[in-house]
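Colleague: I'm new to this one. Can you walk me through it?

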Amino acid sequence: MTNTSEDAYRHIVTESVGFLYPAALRAAALLEVADHLAGGPRDVAELAGLTGANGAYLRRLLRFLASYGTFREDEDGRFHLTPQADLLRADASRSMRAGVLLVTQDAWWLSASDLAEAVRRGEPAFDNRFGQPVFDYLAEHPEDGLLFDAGMAAYSAGDIGYIIDGYDFPNDGVMVDVGGGRGGLLLAALRARPGLRGILLDQENVLAGNVLADLGADDRWTLHPGDFFESVPAGDLYTVKNVLHDWNDDQCVRILENCRYAMNPGAKLLAVDAVIPPGNDPHIGKALDILMLLLLTGQERTRAEFDRLFERAGFRITEVIPTPGRLSLIEAVPV
């Protein structure tokens, strides 16, 4: 074998078992190992007693995770938190526990196993496996719906600082957060701009878990239960974060058109999504695009695809601002 061939062989062997790392993350999150290490390092016997796990099996799990930098074993056999492991704590400032549990739940694993069939059929694997679209499934399974909301909030929270730092939010007017979930982005924007007012638009059951009360005695925000496919309220800045990638082009055009119809004069729209760059280099947007393929009719898009989408809806993209995270900020104005 040539060196190139040998490297290719090792790569495929290694990556073919790559699913074991998220499986191990899920196990550690369910066992709450990171929470039990918040006060300092512990040996496996202590952790086994605290988690109700088999000690020998737990050590093997943690040894594997430590090889990825998630936990660290010292020379005395005690395990420590690392910055990665700390994110598995439920009360960490940027906790990803709910996010890990979301993307490693059975419904998502099973959908991933049907990827080839999804590619053959040109339909989301989830629909074929469970007999209904994912959002209908979540509506009928409230516990899964709560995990979905919490998991998406966890993924979203890590990017909010980049968005606030990367975009010049207005000092006044009304910001409408379209499909804004629990309102994490709107909360951050209102904190950053004391003269700004906000409207959080989402389904009523989602709005019930909003975080806007964290502003305290502040009347600058309102909740707007509704369906962004039907209408959106009037405003001066529309934020559409992690929404467009859920839907096909025709559905996205409808959302964007509803925003355009409702806009006050001089209003802008800020879409926040991954923008897939050209070329063969790895990019998180390409991985997220496979996730969309499995679960939904939407997709991650390139700059050219966003241009065509916004043009159809009567907008012109004025700026695309990359952030240090996985998302870009796409500003657009009505034509």
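Colleague: Which side chain of opposite charge is nearest to Asp 273, and how far away?

Modeller: Arg 301, 5.9 Å away; Asp 273 is buried yet has no salt bridge. Buried means under 20% relative accessible area, with a 1.4 Å probe and protein chains only. A salt bridge needs a side-chain nitrogen of Lys or Arg within 4 Å of a carboxyl oxygen of Asp or Glu. Lys and Arg count as positive, Asp and Glu as negative, and His and the chain ends are not counted.

Modeller: This is a predicted model, where local features need pLDDT of at least 70, side-chain atom pairs count only at pLDDT 80 or more, and totals for chains, interfaces and linings use all residues. Residues are numbered from 1 along each chain as its sequence is written, and side-chain values use heavy atoms, without hydrogens and water.

Colleague: What does Asp 273 touch?

Modeller: Its contacts (heavy atoms within 4.5 Å) include Asn 242, His 245, Glu 300 and Phe 306, not counting residues up to four places away in sequence.

Colleague: Switching to rings: how many aromatic pairs are there?

Modeller: The count is 13. Rings of Phe, Tyr and Trp (its six-membered ring) pair with centres within 6.5 Å; planes under 30 degrees apart are stacked, over 60 edge-to-face, the rest tilted. Phe 228 and Phe 229 have centres 5.1 Å apart and planes at 70°, so that pair is edge-to-face.

Colleague: And how are Phe 306 and Phe 310 arranged?

Modeller: They make a tilted pair, 6.4 Å centre to centre with 55° between the planes. Phe 306 is buried at 2% relative accessibility, and Phe 310 is buried at 0%.

Colleague: Which residues do ring pairs link into a cluster?

Modeller: Phe 135, Phe 148, Phe 228, Phe 229 and Trp 247.

Terms used:
Buried < 20%, exposed > 50% of the residue type's maximum accessible area, 1.4 Å probe, protein only.
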